Amino acid sequence: MLNGDLRRLGLLLGAAFILGIPFGVAGWTLFAAALFFIFGQQREFKELERWSQHPLTRPQQQRESWQDIASTLFRSLSNSRGRTHAALRQLEDMRTLSEALPDAAVVLDGNGNIERHNQAAERLLKLTTADRGANLAALIRQPDFIALLRGQLGEELIEFSSPFEEATRLEARRIRFPDERVLVLVRDVTQLNRLLSMRQDFIANVSHELRTPLTVIVGYIETLTNEDLDPDPVRDLVQKLASPSKRMQALVDDLLLLTRLEASPNPTEAELIAVNMNSLIESVVVDAQALSQGKHEFRLDLDCESAVLGIESELHSTCSNLVSNAVRYSPDGGVIEVSWNAIGDRARFSVSDQGIGIPPEHLSRLTERFYRVDLAKARTRGGTGLGLAIVKHVLKRHNSFLEVESELARGSRFYFDIPAQQLNGDTAPLREAHKHWSKEKP
Ligand code: ADP
């Protein structure tokens, strides 16, 4: 009983005693006062009991002393409830985090049995909730993985083929907890491996492409160091250096351009200007005629006046790559048709040739760096092997993409559409005078 209650009891009994004395019933008044006090306490106790059924509501005790007890209890309960909530929130955060991980995470007990796993483990290792308690080594029957789980390897990281999908490469890491438990992390490295091998291929390709002209240049230089040479053959040899040097320069230029394009997938507003496609295409065709040295017939059909909001040098490089390919992959006498037409609200650039054509199985890979249908032939025809890769990136930067139709030994058609939002002005037909142009017509 608290001090306040004791004081109250003392006062109550004292008052009862004083009141009872004049009437000679002090014993009875004392008894009645004690009873009154006990009932009061009983009521408070009942109230406390009722509150204890729902201790998270605020207590409603009448008496201050009982109110103090209940309030202290209420405060400490509220505090611990807050702490529990915070801990639960943290736990939930950890769970969400582990579920969001793209890597499989599996916790094993000291015997290698599964305690828990995340969603990625269901995808990569085909685990289900029914596998809890099962031995992971018994479920993933892959010798290297089992050896890793058992700690039999010198290292804690291995790469292996998924037992569920041969083409998928997985990397597993084993992390020991301070207790006996083990965390196994598994991630899909198929894409990463592909990128690494692409990088290796790329370096090998660049080295190869550079080595051929370099060997030629070095050979000529060695001949030139022969001091007995007459001036005329020297001049002849120096001239021969020009071709492989230009080839190397073209390759390095294309590599730099491609790297720049890959690094910035979208041009800035400030970079875009209204490019006059008609004069651009005409100049491309003039260059292609020089390349063809009169061996092909060119037909030009310009049917769209609209300018393209783009980057002139990139559009020039794209059209030039497609037209020069038509020249290089067409036999002498072949007709090459170049057009810039309005197709609804879009504009289409198209190059058709009557050249060697491309087997269908190669079409989807043409825009890969250094991809050639016939490596040996492509090298003798010149080109860097990067042309169509550049075209692909430029078109992407202009909200377009390359399309190819081809028939082996009959010819090919490369084209792309520029969407309306990338055009400046209507796709109205050109004035008749400029519309058609061919080798014969100036
Ligand atoms: P390259 O410098 O080798 O021409 P590109 O990237 O421009 O490189 O072209 C990739 C490959 O696509 C070429 O090696 C060739 O096999 C094929 N190709 C491109 N254009 C044509 C075409 N008009 N006709 C036939 N094959 C073509």
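Contact, in these legends, means heavy atoms within 4.5 Å. Everything shown comes from a predicted model.

**View 1. The four domains, and where domain 3 meets domain 4.** The chain splits into domain 1 (3–95), domain 2 (101–188), domain 3 (194–263) and domain 4 (269–436). Take the last two: the C-alpha centres of domain 3 and domain 4 sit 27 Å apart. Domain 3 puts 16 residues into their contact, and domain 4 puts in 13.

**View 2. F349 and the largest nonpolar core.** Start with F349 and skip its neighbours within four places in sequence: what is left in contact with F349 is I281, C319, L322, V323, V338, S339, W340, F414, Y415 and F416. F349 is also among the residues with the most contacts inside the largest nonpolar core, together with I281, L322, V338 and W340. That core counts 35 residues. Two or more residues apiece come from α9 (277–292), β7 (297–303), α10 (312–328), β9 (335–343), β10 (346–352), α12 and β12 (411–418). There is a second, separate core too, with 23 residues, including A120, L125, I158 and L170. As background, nonpolar side chains in soluble globular proteins tend to be buried together.

**View 3. V327, a buried residue of helix α10.** V327 belongs to helix α10. Its relative accessible area is 5%, so V327 counts as buried, the cut-off being under 20%. What does V327 touch, leaving aside its neighbours within four places in sequence? The contacts of V327 are A288, L291, S292, H296, F298 and I336. For a distance to check, try E297: 30 residues separate V327 and E297 along the chain, and their C-alpha atoms are 9.7 Å apart.

**View 4. The second largest pocket, between two domains.** This pocket has a volume of about 410 Å³. Its lining takes in 16 residues, and M198, E368, R369, F370 and Y371 are the closest to the pocket centre. Two elements, α7 (190–224) and α12 (387–397), give two or more residues each to the lining. α7 gives the most, with 4 residues. Sorted by class, the lining of the second largest pocket has 7 charged, 6 nonpolar and 3 polar residues. Why is this pocket said to lie between domain 3 and domain 4? Because both domain 3 (194–263) and domain 4 (269–436) give residues to its lining.

**View 5. The largest cavity.** How many cavities of 30 Å³ or more does the structure hold? There is 1. The largest cavity comes to about 40 Å³ in volume. Its lining is made up of E209, P213, R247, M248, L251, G383 and T384. At least two of these residues come from α7, and at least two from α8 (231–263). α8 gives the most to the cavity lining, with 3 residues. By class, that lining has 3 nonpolar, 2 polar and 2 charged residues.

**View 6. Positive phi at N399 and A409.** Most residues other than glycine have a negative phi. N399, though not a glycine, has a positive phi near 55°. N399 sits in the loop between α12 and β11 (403–407), and its relative accessible area of 47% makes N399 partly exposed. A409, again not a glycine, has a positive phi of about 65°. The loop between β11 and β12 is where to find A409. Is A409 buried or exposed? With 65% relative accessibility, A409 counts as exposed.

Key: Residues are numbered from 1 along each chain as its sequence is written. This is a predicted model: local features need pLDDT of at least 70, side-chain atom pairs count only at pLDDT 80 or more; totals for chains, interfaces and linings use all residues. Side-chain values use heavy atoms; hydrogens and water are left out. On a 1 Å grid over the protein atoms alone, a cavity is a set of points where a 1.4 Å probe fits but cannot get out, and a pocket is an open set with protein on both sides within 12 Å along at least five of seven lines; lining residues have an atom within 4 Å of a point. Grid points are joined across faces, edges and corners, and a volume is the space filled by probe spheres set on the points. Ala, Val, Leu, Ile, Met, Phe, Trp, Tyr, Cys and Pro count as nonpolar, Asp, Glu, Lys and Arg as charged, and the others, Gly among them, as polar. Domain bounds come from an automatic or database domain assignment. A nonpolar core is a set of buried Ala, Val, Leu, Ile, Met, Phe, Trp, Tyr and Cys residues joined through side-chain atoms within 4.5 Å. Buried means under 20% relative accessible area, exposed over 50%, partly exposed in between (1.4 Å probe, protein chains only).
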